[in-house]
Amino acid sequence: MNEQQPKTAPQKYSFEREPAKRVFAAELRETRIHFKDADDEKSPSYVLLPTGERCNRIFAVGTLTEKRKQGDQNLFYRARVVDPTGTFFVMAGSYQPEAMQQMARIEPPSFVAVVGKPTIYETPDGAFLISVRCESITVVDKDARDHWVLDTAKATLDRLDLDGQTPDSARARAEYQTDPAIFRRMVYEALAQMKI
Amino acid sequence: MDYSDTVERVSQKIVSRGHTVDKSRIEQKLKQLVEEFGVPSAEAERTVTNELFREFGITTEVATGAGDQKEINQFQNGEWVTTEGKVVALSSAPSPAIAQTGIFADKSGAIRFVTWSKANAPLMEKNRCYRLESAVVDEFRGVLNLKIHSGTVIKEIESLENIQPDYTPIDDLNPGVGSVKAKVIQEWDSTHERMLQSGLLGDESGTIKFVIWRDGDVEKLTPGSVYSIYYALVDEYQGRLSLNLNTATVIPEDEDIEVTSGETSFSGAFVHMAPGSGLIKRCPVEGCNRVLSRQNYCPVHEIQPKFVYDLRIKGWLDDGRNARELLIQRENVEKLTGINLEQAQEIAENNPLGMDEVFLRMRDQVLGKYLSCRGREIEHRILVSECAFDAYDPAVLADLLNRAGGDE
């Protein structure tokens with residue numbers, strides 16, 4: 001009875017969608033920490049970005065360089081999407097039928113925009129694999145890619161500028177102990193590849 | 001039919017005058033009148049109330065005297081009043097039971113009045129002043145009204161002075177009658193053939209919907225112009241106010257005024273296109289316009305095979321910090337996707353996927369791209385009035401390079 005209630009009770013506040021964070025591949029690759037805010041099964045799960053922000057969803061634009069179909073019963077796609085700093089490992093499985101069908105129609109190489117949830121796997125030998133569970137993937141043009149690089153550079157610099165002033169930022173500094181200068185350099189190099 | 005609200009109202013009137021009454025008796029009487037005799041429910045309510053008033057001897061008690069002379073802003077529900085004021089507006093009677101309706105104003109305020117046909121009262125003329133003795137103030141749909149009945153004495157008097165009303169800031173309007181100075185900031189498509197014009201008025205404090213119904217010699221307002229609007233009816237529907245200008249005296253002003261746009265702007269990446277986007281079918285019933293299901297089913301008017309096609313996009317725009325829900329209507333959908341309604345219909349008709357094909361093509365045009373939009377925010381959703389794809393701006397690059405390289 002109680003479990004039914006949230007469905008039937010009138011919604012007072014509209015649903016808040018988790019924003020899609022802008023993050024470069026090189027930063028996402030360094031991400032190790034994931035957590036939930038509450039024990040509730042439905043509460044969102046986050047990864048903690050090394051530049052100091054929680055992240056439930058990302059938006060990335062890059063070049064789809066490779067796409068592979070895997071599995072027989074549980075068909076899914078694995079794809080590599082490359083940005084100026086590295087590679088996103090993107091997956092679309094049968095739980096994301098829309099993304100899977102989109103993926104099926106895209107031929108590499110093309111510029112793609114990906115919306116998805118970052119997930120972290122730890123292998124038995126202690127290595128970390130970060131992949132993006134794809135919610136949607138669409139072909140875009142170079143303009144959109146360039147726009148994204150600037151957008152992501154700005155977002156990353158904004159996160160770095162907070163430098164320990166928010167709880168997430170303080171936690172990231174403590175957990176990752178990465179020199180912020182490394183990410184600043186990553187941003188600079190990503191921007192330097194763009195033609196002025 | 002459920003009588004509980006009516007029963008409650010009637011019994012309240014009796015109880016508030018110090019008598020007790022059996023609610024089931026009220027319900028039984030109402031039911032009999034409505035169901036056996038086909039009396040309209042409002043009339044049944046009146047009949048039962050009067051009958052009970054007579055039974056408890058209330059009528060005479062209330063009807064004694066003409067009531068105190070009062071100014072309009074002091075009127076209270078249920079009292080008998082004598083008042084002096086000016087007829088500032090007349091509107092056509094909505095029903096044969098009503099001889100005349102309009103707005104009566106003094107320097108303190110204005111109120112809608114209704115003269116019953118049964119009253120056989122002399123009709124009043126616009127812009128003349130009258131003394132009304134023994135009129136009744138009552139409440140209709142949450143707004144006070146002045147009722148002129150057979151016992152009301154109407155006398156024409158000399159012109160009253162200083163009854164020019166003050167303007168009310170739009171944000172402070174209450175249901176009833178109101179005067180504003182405002183600019184026409186939007187003109188909307190008519191949703192009803194009886195509607196001459198509708199749109200949005202704004203002043204410094206806020207915005208409000210306005211409606212002008214086709215009636216006599218009313219004229220349209222010019223978008224972008226400023227008007228002084230005296231004695232418009234402020235209606236409330238589902239918690240939102242609107243101005244009915246049919247009763248109003250509308251005077252064009254030469255000046256320009258500051259207007260809150262009432263709009264928000266938001267830019268970001270379009271990260272999700274929701275089901276129900278693309279080519280849709282709407283219910284053709286006048287004033288309905290609801291979206292039909294695939295089987296042409298309207299939640300109110302059932303199967304509607306003669307639906308009307310429309311385009312819209314629902315989805316989420318995301319700037320990396322916040323995600324906002326958008327509702328984009330046809331004109332902007334056509335602009336963004338390059339697919340107009342006619343082409344969309346053609347695609348749907350000539351394609352095995354039908355309307356889904358339109359959804360997919362539009363999704364491929366918009367999803368994952370950067371957009372900027374403006375629009376009114378209604379219930380956390382932006383009703384987009386203007387939107388465009390963002391162009392890549394190389395000037396930003398130099399700034400960011402400086403920011404990133406600042407440490408070196």
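**Confidence, chain contact and local features of the two-chain model**

Over residues 1-14 of chain A, pLDDT (the predictor's confidence in each residue, from 0 to 100) stays under 50, and for this stretch the model has two contacts beyond four places in sequence. A contact here means two residues whose C-beta atoms, placed from the backbone, lie within 7 Å. This is a predicted model, in which local features need pLDDT of at least 70 and side-chain atom pairs count only at pLDDT 80 or more, while totals for chains, interfaces and linings use all residues. Residues are numbered from 1 along each chain as its sequence is written, with chains lettered from A and ligands numbered from 1 in the order in which they are written.

Back to confidence. Chain A averages a pLDDT of 87, and 91% of its residues score at least 70. Confidence in chain A bottoms out in helix 1 (residues 5-8), with a mean of 34, and peaks in strand 1 at 97. Helices and strands are DSSP runs numbered from the N terminus: H or I over at least four residues for a helix, E over at least two for a strand. For chain B, the mean pLDDT is 86, and 96% of the residues reach 70 or more. Chain B has a weak patch too: pLDDT stays under 50 over residues 60-64, where the model has zero contacts beyond four places in sequence. Where pLDDT is low, the predicted coordinates should not be read in detail. The model as a whole scores ipTM 0.88 and pTM 0.59.

Chain A is built with six helices and nine strands. Of its 196 residues, 40% are buried; a residue is buried if 20 or more other C-beta atoms lie within 10 Å of its own, exposed if 12 or fewer, and partly exposed in between, with C-beta atoms placed from the backbone. Among the contacts in chain A with a separation of 6 or more, 64% come from residues 24 or more positions apart.

Where do the two chains meet? The contact takes 30 residues from chain A and 28 residues from chain B. On the chain A side, at least two residues each come from strand 1 (20-21), strand 5 (57-70), strand 8 (110-122), strand 9 (128-139), helix 4 (142-162) and helix 6 (180-192). Helix 4 of chain A gives the most, with nine residues. By class, the side of chain A that touches chain B has 19 nonpolar, four polar and seven charged residues. In this scheme Ala, Val, Leu, Ile, Met, Phe, Trp, Tyr, Cys and Pro count as nonpolar, Asp, Glu, Lys and Arg as charged, and the others, Gly among them, as polar.

Within chain B, helix 1 (residues 4-15) packs with helix 3 (residues 41-55) at an angle of about 25°, the axes being 10 Å apart. That makes the two helices of chain B roughly parallel, a label for angles under 35 degrees, whereas those over 145 are roughly antiparallel, 65 to 115 roughly perpendicular and the rest oblique. The axes are lines fitted to C-alpha atoms over the stretch in contact, with angles running from 0 to 180 degrees between N-to-C directions. Helix 1 of chain B contributes Thr6(B), Val10(B), Lys13(B) and Ile14(B) to this contact, and helix 3 of chain B contributes Ser41(B), Glu45(B), Val48(B), Thr49(B) and Leu52(B). That gives four nonpolar, three polar and two charged residues.

A few backbone details are worth a look. Most residues other than glycine have a negative phi, and most peptide bonds are trans. The bond from Pro108(A) to Pro109(A), however, is cis, with omega near -5°; Pro109(A) sits in the loop between helix 3 (97-105) and strand 8 of chain A. Gln177(A) is not a glycine, yet has a positive phi of about 50°. Gln177(A) lies in the loop between helix 5 (167-176) and helix 6 of chain A, and counts as exposed because it has 8 C-beta neighbours inside 10 Å. In chain B, Asn127(B) has a positive phi near 70°. Asn127(B) belongs to the loop between strand 3 (109-116) and strand 4 (129-140) of chain B, and with 11 C-beta neighbours inside 10 Å, it also counts as exposed.

Finally, Gly86(A) lies in strand 7 (residues 86-92) of chain A. Its C-alpha atom is separated by 7.6 Å from that of Phe24(A), 62 residues away along the chain. Beyond four places in sequence, Gly86(A) is in contact with Ala25(A), Ala26(A) and Arg29(A).
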